[in-house]
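Ready for some practice in reading a protein model? Grab a pencil, have a look at the picture, and try each task before you peek at the solution.

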Amino acid sequence: MAESISFTILRWRFMKSLYCFEIDDVSRYKPSRGDDSVCSAFAFPRPAHMFRLIILMALLAGLPAKAAPADTVAVAVAANFTEVMEALSEGFKERTGHSLRISFGSTGKLYAQIANGAPFDVFLAADQARPLRLEKEGLAVPGTRFTYAEGVLVLWSPDKTVVTGQPKKLLESAEFRHLAIANPDLAPYGRAAYETLKGLGLWSSLAPKLVRGQNIGQAFQFVATGNAELGFVALSQVMSPRNTAPGSRWEVPSPQHGPIQQDAVLLKRGDDNAAARAFLRFLRSPDSLRIIHAFGYRVSAD
Amino acid sequence: MDVDFGPLGLTFKLALVTVAVLLVLSTPLAWWLAHTRSRLKPVIEAAVAMPLVLPPTVLGFYLLVLMGPNGSIGAWWVTLTGDTLTFSFSGLVIASVIYSLPFVVQPLQGAFEAVGRRPIEAAWTLGASKLDAFFSVASPMAGRGYLTAAVLGFAHTLGEFGVVLLVGGNIPGVTKVVSIAIYEHVETLNYEAAHMLSAGLLGFSFAVLVVVYAVNRRFPVHAG
């Protein structure tokens, strides 16, 4: 929020700087009208005030990052796990008294933030690669990595009549304009969709119809808004209470693609935070596994 | 090391088409805004300035809904062309036109206001038609406004990310513009390719702004 306001003001000043001298110059040819109306429209944030405002905003933006007492666990969570995490955090607080400060983001961005010193105790990634990498780089505590959830890939359409019968036949028929997937280079679900299509021998024939979301959230959005008739998305998204159209779906059997395993890891900063270790224990408890499963993930107890 | 420069070409094409469309659309709009006494003026001005303050995601989200096959514009487009507007180059042009609108309209409006009514009215009294007066008198006098508008519109479209991300679908050769390609390179830790594309974009945008500022400062307007 603060960022967008200061950005807007900066943009405002930028526009002003472009127009004002131009108008000043041109008005030399027409001194009669004293035409600085365009400039005066830009008069609102005076530079001195604005400077103070920006500093204030910068300070405000920096505040929350510092306030994390010992019984608070700062958790960086992959965006696809948002709703489950909200459900889990209530139970965790009830059971242990500790509270969670949760930051959601794409696994890649969270990784980059952690690698650059972001203050997190625990990292729940959407893949296995990033937690492993953090461990190798000495930013995570060795021996604390484990798979907390396994994603389920589904071919989904909000229309009840689309994904019925033989999914392979449906894909072969190509009777649709667009098939949405997450970007295979960026997102584990995209990778799994790629492997599935490759396994069916349809990757190259369907290539012109593929639209790629930068993450699985965007792939879902393409289908949910009707821009793509169907897409490979996450079961958790289709099962989410926020999804109003259950539609029709095919759960891709897991042997068709490499598993979409999501790993958690204790970060160096959380090494001596007892609440952080308590949270990781809580995450593996049968109650938590039940919740995770109910949201559309496979869990190790399955 | 293999860097695909395709997105760079696509981006330039998008920016060129967008600016061409914008200059045609914005001229009458800016002219009207510069000279009208209508009570609607602040409303239209505010509407034009909206893309300045809205996050591109808001714009992109509404465009995704409107241009989708279930949206009003999108449905019409599907019956017309048989294809969806989202995930197409035409869709990107429409999105970019809306996104860069204030960057073209506002400099033009400023320039037309600075020219004022007087030269035009003088031309009318000398027997010039309205169109003739505009093209022979007003638009040459507003020449620098046109330069600023074109360059800003072009540069702003080059830097577009959020809107394209939402409505483009990242299709190589069709909607994968340079900002998306850079994002992808960064996310996949392919920093070398990201550097090459980013440095190109950075250098170009800087050069464009230097040109605008220099031209604005140095050259007087040769009126009429």
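Below are four exercises on this predicted model, each with a worked solution.

**Exercise 1: a helix and its buried side**

Find out which residues of α3(B) are buried and what covers them.

*Solution.*
- Step 1: Start with the helix itself. Helix α3 of chain B runs over residues 56-67, so count twelve residues. From its first C-alpha to its last it reaches 16 Å, close to the 16 Å expected at 1.5 Å a residue.
- Step 2: Pick out the buried residues. They are L59(B), G60(B), L63(B), L64(B) and M67(B).
- Step 3: Check where they point. They cover an arc of only 135 degrees around the axis, so they sit on the same side of α3(B).
- Step 4: Look at what lies over them. The cover includes α10 of chain A, along with α2, α4, α5 and α9 of chain B.

**Exercise 2: a loop residue**

Decide whether T161(A) is buried or exposed, and find its polar partner.

*Solution.*
- Step 1: Locate T161(A). Its place is in the loop between β5 and α7 of chain A.
- Step 2: Use the cut-off: exposed means over 50% relative accessible area. T161(A) has 60% relative accessibility, so it counts as exposed.
- Step 3: Follow the side chain. A polar contact of 2.8 Å joins it to the side chain of D159(A).

**Exercise 3: two salt bridges that tie parts together**

Work out which parts of the chain are tied together by R177(A) with E229(A), and which by K41(B) with E113(B).

*Solution.*
- Step 1: Take chain A. The side chains of R177(A) and E229(A) meet in a salt bridge, at 4.0 Å from N to O. R177(A) lies in the loop between α7 and β6, and E229(A) in the loop between α10 and β8, so the pair ties together parts 52 residues apart in sequence.
- Step 2: Take chain B. K41(B) forms a salt bridge with E113(B), with the closest N and O atoms 3.8 Å apart. K41(B) belongs to helix α2 and E113(B) to helix α5, so this pair ties together parts 72 residues apart in sequence.
- Step 3: Add the surroundings. R177(A) is partly exposed at 30%, and E229(A) is partly exposed at 27%. K41(B) and E113(B) are both buried.

**Exercise 4: one more pair, and the total**

Say why K176(B) counts as buried, and how many salt bridges the structure holds.

*Solution.*
- Step 1: Buried means under 20%. K176(B) is at 17%, so it counts as buried.
- Step 2: Its salt-bridge partner is E184(B), at 3.3 Å from N to O. E184(B) is buried too, at 9%.
- Step 3: Over all chains, the structure holds 16 salt bridges.

Methods. Residues are numbered from 1 along each chain as its sequence is written. Chains are lettered from A and ligands numbered from 1 in the order in which they are written. This is a predicted model: local features need pLDDT of at least 70, side-chain atom pairs count only at pLDDT 80 or more; totals for chains, interfaces and linings use all residues. Side-chain values use heavy atoms; hydrogens and water are left out. Helices (H or I, at least four residues) and strands (E, at least two) are DSSP runs, numbered from the N terminus. The expected span of a helix is 1.5 Å times one less than its number of residues. Buried means under 20% relative accessible area, exposed over 50%, partly exposed in between (1.4 Å probe, protein chains only). The arc is that of the directions from the helix axis to the C-beta atoms. Contact means heavy atoms within 4.5 Å. A polar contact is a pair of N or O atoms within 3.5 Å; within protein, one must be able to donate a hydrogen and the other to accept it, and residues adjacent in sequence count only if both atoms are side-chain atoms.
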